[in-house]
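Here is a short briefing for a reader who is new to this structure. Please look over the sequence and the model before reading the points below.

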Amino acid sequence: MAIAQVRVPEGRLAEWMGFDGLVQLISVDGQRTVGCPYWELVADVGAEQLRDLYTDMAVVRRIDAEAMALQRQGELGLWAPLLGQEAAQVGSARALQPDDFVFPSYREHGVAYCCGVDPVAMLRLWRGSALSGWDPADFGIATPAIIVGSQALHATGYALGITLDGARSAAVAYFGDGASSEGDVAEAFGFAASYMVPVVFVCQNNQWAISEPVRLQSHASIAERGQGYGIPGIQVDGNDVLAVLAATRFALARAYAGQGPTLIEAVTYRMGPHTTSDDPTRYRSHHEEEAWRVKDPLARLRALLRAEGLADDRFEDAATASAEDAAARLRRGCLALPDPPLDALFEHVYAGAHPLLEEEREAYVAYLATLES
């Protein structure tokens with residue numbers, strides 16, 4: 001599903017930037033809010049697009065759950081779940097234009113899905129079948145960045161290239177609240193602001209940097225952190241898919257207009273563990289999880305669709321069927337992934353042949369031969 005792009009008048013950008021509250025377009029109980037100028041940015045999103053956004057989130061959630069199950073069954077080495085963050089990822093990704101380029105962290109499976117990446121390809125790295133899941137040039141999205149915060153620098157450098165080429169596109173970097181305290185992110189902010197490059201920083205504030213709560217990361221909102229660099233910030237309800245879509249469209253419009261970087265703080269919640277090696281019950285309460293469960297992004301959009309007569313049981317059954325089909329294909333594809341040759345470990349280390357590496361490969365192959373005899 002692709003949402004047609006809307007043209008954002010450059011003359012209105014300053015007006016929208018003047019809104020300093022939380023951008024929320026759908027209330028927790030599924031009602032349209034009033035008084036937020038960002039509604040104009042999604043005025044073109046009609047019934048069909050709303051249903052498509054819901055289906056996207058349902059499929060992404062089900063893929064994520066299946067990957068979790070595969071890891072628990074020993075088929076994946078690790079998985080970083082996104083449960084609860086579907087709106088932040090789908091809403092932002094559906095604002096992208098074909099020439100934009102995404103630099104994700106290790107949790108943006110929903111963004112990769114919206115960019116057209118085969119979900120099975122997402123599992124190659126986590127299963128140990130390959131050193132990378134897909135060719136970034138084919139989908140406009142880099143492979144997962146494991147080094148926390150490094151992707152912000154990659155996005156900023158790419159955005160400088162966009163400026164030098166004179167192109168009308170943007171780079172988008174995704175990171176979490178914990179990464180906002182990394183030096184790489186601070187350096188990216190400083191460089192992006194100084195050179196006014198077309199980059200959008202999307203911080204998914206899911207409240208926890210592994211076991212450290214966001215209140216220890218920052219005593220102000222993360223959106224305000226950009227101000228010291230001269231980067232305008234937007235705080236958006238990250239469980240509201242329309243609000244995220246609107247905020248990302250706004251930030252991209254600023255980038256296309258040559259107005260430099262924007263920082264979006266999508267306030268959401270990681271309902272599951274940080275990764276499958278984490279136990280969140282050791283550091284957060286059941287009461288906190290339940291308080292966020294009522295803000296579930298899928299339930300919110302479902303309530304809006306129901307209230308406006310845009311969805312019924314038949315539609316929801318179809319969305320569920322699409323999600324189940326995606327999960328079944330993911331499982332089949334995962335189990336069919338071939339094991340790589342053991343000496344493939346030495347490939348793609350350098351751009352060309354390297355004598356020391358070749359010597360190490362030969363020694364390793366000789367060692368493997370001793371195990372077979």
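**Overview**

The secondary structure of this protein consists of 14 helices and seven strands. Its radius of gyration is 21 Å, close to the 21 Å that the globule rule gives for 373 residues, so the protein is as compact as a globular protein of that length. The model is a predicted one.

**Overall dimensions and surface**

- The C-alpha trace spans about 75 × 50 × 40 Å along the principal axes of the protein.
- Of the 373 residues in the protein, 52% are buried.
- The protein exposes about 16600 Å², and 53% of this area is supplied by carbon and sulfur atoms.
- Among contacts with a separation of 6 or more, 74% are between residues 24 or more positions apart.

**The open sheet**

- Five strands form an open sheet with parallel pairing, in the order E1-E2-E3-E7-E6.
- Strand E1 (101–103) and strand E6 (233–237) are the edge strands, and each of them pairs on one side only.
- From one strand to the next, the twist averages 20°.
- E1 pairs with E2 in the parallel sense over three bridges, and Phe101 stands opposite Ala171 in E2.
- E2 and E3 run parallel and are joined by six bridges; the bridge partner of Tyr174 is Val202 in E3.
- At the other edge, E6 and strand E7 (residues 262–267) pair in the parallel sense over five bridges, with Asp237 opposite Val267 in E7.
- Five of the six residues of E2 are buried, so this strand is largely enclosed by the rest of the structure.
- Helix H8 (residues 183–195) lies across strand E2 (171–176), strand E3 (199–205) and E7, and runs at about 150° to E3.

**Nonpolar cores**

- The largest nonpolar core has 65 residues, and the members that touch the most others are Leu25, Tyr38, Leu242 and Leu301.
- Helix H10 (residues 241–256) gives the most to this core, contributing 13 residues.
- A second core, separate from this one, has 23 residues, including Phe101, Ala142, Ala171 and Leu263.
- Phe101 and Ala171, both in that second core, are also the residues that stand opposite each other where E1 pairs with E2.
- Apart from neighbours within four places in sequence, Leu25 is in contact with residues that include Gln31, Arg32, Thr33, Cys36, Tyr38, Trp39 and Val42.
- Asp240, Leu242, Ala243 and Ala246 are also among the contacts of Leu25.
- Two of the residues named for touching the most other members, Leu25 and Tyr38, are therefore in contact with each other, as heavy atoms within 4.5 Å define it.

**Loop residues with positive phi**

- Most residues other than glycine have a negative phi.
- Met196 is not a glycine, yet has a positive phi of about 50°.
- Met196 is in the loop between H8 and E3, and counts as partly exposed because its relative accessibility is 41%.
- Ile210 is likewise not a glycine and has a positive phi of about 55°.
- Ile210 sits in the loop between strand E4 (208–209) and strand E5 (212–213).
- The relative accessible area of Ile210 is 41%, so this residue is partly exposed.

Terms used. Residues numbered from 1 in each chain as written. Predicted model: local features only at pLDDT ≥ 70, side-chain atom pairs only at ≥ 80, totals over all residues. Heavy atoms only, no water. Core = buried A, V, L, I, M, F, W, Y, C linked by side-chain atoms within 4.5 Å. Buried < 20%, exposed > 50% of the residue type's maximum accessible area, 1.4 Å probe, protein only. Helix = DSSP H or I, 4+ residues; strand = E, 2+ residues; numbered from the N terminus. Pairing = 2+ DSSP bridges. Axes fitted to C-alpha atoms, helices over the stretch in contact; angles between N-to-C directions. Rg over C-alpha atoms; globule rule 2.2 N^0.38 Å. Areas by Shrake-Rupley, 256 points an atom, 1.4 Å probe, with all protein chains shown as cover.
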